[in-house]
Amino acid sequence: MNIKNLMKILLTFLFVGFVSPVYSANLKWSMPGDSLTLDPHAQNEGPTHMVSRQVYESLVTRGIDMSIEPQLATSWKAKDPETWVFDLREGVVFSDGTALNASDVEFSINRALSGASDMIELIESITSVKALNYKKVEIKTEGPNPILLNQLSQIFIMSEEWSKKNGCESPQDFDASEETFCSINALGTGPFKITLREQDTRTVFERNSNWWGDQSQHNIDKIELLPINNDATRVAALLSGDIDFTNFTPAQDINRINSSSGHKVESTPQARTIFFGMDQGSDELRSSNIKGANPLKDKRVRLAMYHALDMDAIKDKVMRGLSEPAGMITFPGVQGYTKALDTRLPYDPEKSKQLLSEAGYPDGFEITLDCPNNRYINDEAICVAAVSMLAKVGIKVNLDAQPKSIHFKDLQNDLSDFYMLGWGVPTFDSHYVYSFLLASEGSWNKVGFSDARVDELVGTMLTETDLDKRNANIAEAWAIVQDNMPYLPLHHQVISWGSKSNVDVPIRTNNEPLFRHAKVN
Amino acid sequence: MLNYFLKRLIQSILVMIVVAFVSFSLFNYVGDPVHNMVGQEASTEKRQEIREKLGLNDPVHTQFLRFIGNAVKGEFGISYQLRRPVSELIAERLPATLELVFISALIAIISGVILGVYTGINRDGYLSNIILIISLFGVSLPTFVIGILFIYLFAVILGILPSFGRGEVVDLGFWNTGFLTLSGIKAIILPSITLSLFQMTYIIRLVRAEMMEILQTDYIKFARARGIQKNIINFKHALKNGLIPVITITGINVGTLVAFSIITETVFQWPGMGFLFINAVHFVDIPIMSAYLIMVAFIFVMINFVVDITYYVIDPRIRIKEEVASE
């Protein structure tokens, strides 16, 4: 061992012994998994964005209440329906002190549109980005795009100079053999910078003293992200004080945490709705005893299944009170959501039986329900409960619960008659729901729903810039869908954040903490 | 000698290839990595394009040959999930697993032998019976239950040991170790005991049986008759002979410790290879999964190989049989 290593060891002892208590506002944060990569465009995935969001910023962002707010851009206007001009904030620098200017924005959006970027589909309507001068950026879209701001809130801005210097002009490709510098380092304009990165073990964020924002809105000097995969271990770590905060609190442990005097749990409906899909497009179901016909084509059968599900019972018994029974497949806050549409049809097994008889299936039928077992909160347990509820009205459901990697593969390959799916909406606009789940060509429309008028409306949602007309279009589309009931809505998920009593991190419906608003008292 | 050595070597390589192929063909059933790699927005065409790029559309044997070809060169590709070279990821996590396995093996052997000898000598003592009953729990309770119980007792209720992780580690350049910091030493206590329990109870019972058998033999009786001190009989004459099978079995079982560390690592968020593997399974990260399986197969095959060769050197009977056969 040489002197240098010896010094390192001694310094570590020093650090363990003396340095750590000096930080008054340290926050130890835990979630089941880690960010997959620090490259902000390489993965469009929850925990990855949660980490990037503390370091990187976007032109516009969503505040605590999920409304769009200015961030790196202070103002914007549409020059014509296809051309937007953004004015950048003055005095913004990256955490290394270099100034942000319009060419960085141009570079970052183009980067998010290139190579193996996982953000391409989100912003594919953008045709060109141009820095007009030092602080002005022009973005052109293919046709008018009324939800451009929603989409841009997901695109993080990097430093062009830093990226090019370190050889990561474009997001890493899948078949590359070398890792890129940007996947293990980060340089953003945000309130924190990453000073240590040990994948899956420890990531240390420290206050960025160069941040343009109001430093007094949080009092966090240092955040340590310590991923803990096992639910029971994560709860034990919270109770023993090894972590201060987790945005993934298992439902079964909420009472246990609340009963501890030094801890608290907060809950809020999550921006994700869980529902069942029913294949009404095929002429014959793959897993049914009914041959030569597809009972799910008949709206009465779909309604019969709806009336047979007692979502309040599932809320009480399976979800321990942590769910909001849903009447539509999207959630409050999404443009197009209304409380009236979200009211469930009543639980009524007698009516179910009657509808089944009218449809010609007085003795019910047999079908297989495909369910993930590690994707949504209590996913398999919900399916088990649904199977017994459907059995009561005569529909014999065989449950096939599998890990998400197999479940979604089967869905993609059109192998399922009846399946569970959850849908979040990062843009908070109904178009996102329609283009994937309800348009005839939607890539997740695995129920075979096809309605010419809905397809037409999906098109106008993307291009209509008169907001009143556009809202009317969205409402009309929902009326058609609610009348046909191609999906069986189940519930909106509820998320819970557990922490020490003195830690205040405002809870958000997309489960993403914003530590720039956090306080440790 | 050379003949025997080569024979074993070829056998070992064959076993590895078979193990690798069987596990590799299983990957076809673990799901679709592409779903996890791209967001839900990705189009069907893009998914197909990535499948093509990764070679996932090729038949299994083509994929397997390509994999073996790269593995021989020491390349395991790049992780689908973490976008980093697999060899680097494994090298980063290997020290954590090996330190955990080393300490567990040490605990299992030392306490297993001591308790085994004690229960072997005092066959009907109260303490012996208590030890044996407790060891029954060690065999029958699953590792993750024991781990969680330990965490609640020592971290939540007593608050004396950390509930997860590896503590502060010191990077020695080629190796990162938790042995040089107080928090690192504290952190290894619970996971290593959890991992060692099964092996420990196994060794207790093995040593006990050996001791009991040897204490009945004639040479021990003669030693007693000669008036040799009890301790010398027990430890010098009996234990020494009783340890031979223990060493063999323990040697092989160290390999099992590496394999079983998966569960312990998951419960304690221990940043080792097993934990990396479990995450890879959830994500269908085939490069990591295959590299890990090859590594574990390699460890087992190597241990067996060394044990076989050691037998040959130690036990003259095998040597003679081999020589007769080759004549």
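**A sheet and a helix pair in chain A**

Me: In this predicted model, what makes β6(A) and strand β7 (residues 136–141) of chain A a pair?

Reply: Six bridges join β6(A) to β7(A), and the two strands run antiparallel; since two strands pair if at least two bridges are found between them, the six bridges meet that requirement. Within this pairing, Ser128(A) stands opposite Lys140(A) in β7(A).

Me: How do you know which strands are the edge strands of the open sheet β4-β5-β7-β6 in chain A?

Reply: The four strands lie in the order β4-β5-β7-β6 with antiparallel pairing, and β4 (73–80) and β6 (126–133) of chain A each pair on one side only. From one strand to the next, the twist averages 20 degrees.

Me: What packs on this sheet, and which strands are touched?

Reply: Helix α3 (residues 102–112) of chain A packs on the sheet, touching β5 (83–88), β6 and β7 of chain A, and its direction makes about 165 degrees with that of β6(A).

Me: Why is α9(A) called oblique to α11(A)?

Reply: Helix α9 (residues 311–318) and helix α11 (residues 379–392) of chain A pack at an angle of about 135 degrees, their axes being 11 Å apart. Because only angles over 145 degrees count as roughly antiparallel and 65 to 115 as roughly perpendicular, α9(A) is oblique to α11(A).

Me: What is the class make-up of the contact of α9(A) with α11(A)?

Reply: Ala313(A), Ile314(A) and Val318(A) in α9(A) meet Ala381(A), Ile382(A), Ala385(A) and Met389(A) in α11(A). By class, this contact has seven nonpolar, no polar and no charged residues.

How values were computed:
Residues are numbered from 1 along each chain as its sequence is written. Chains are lettered from A and ligands numbered from 1 in the order in which they are written. This is a predicted model: local features need pLDDT of at least 70, side-chain atom pairs count only at pLDDT 80 or more; totals for chains, interfaces and linings use all residues. Side-chain values use heavy atoms; hydrogens and water are left out. Axes are lines fitted to C-alpha atoms, for helices over the stretch in contact, and angles run from 0 to 180 degrees between N-to-C directions. Contact means heavy atoms within 4.5 Å. Angles under 35 degrees count as roughly parallel, over 145 as roughly antiparallel, 65 to 115 as roughly perpendicular and the rest as oblique. Ala, Val, Leu, Ile, Met, Phe, Trp, Tyr, Cys and Pro count as nonpolar, Asp, Glu, Lys and Arg as charged, and the others, Gly among them, as polar.
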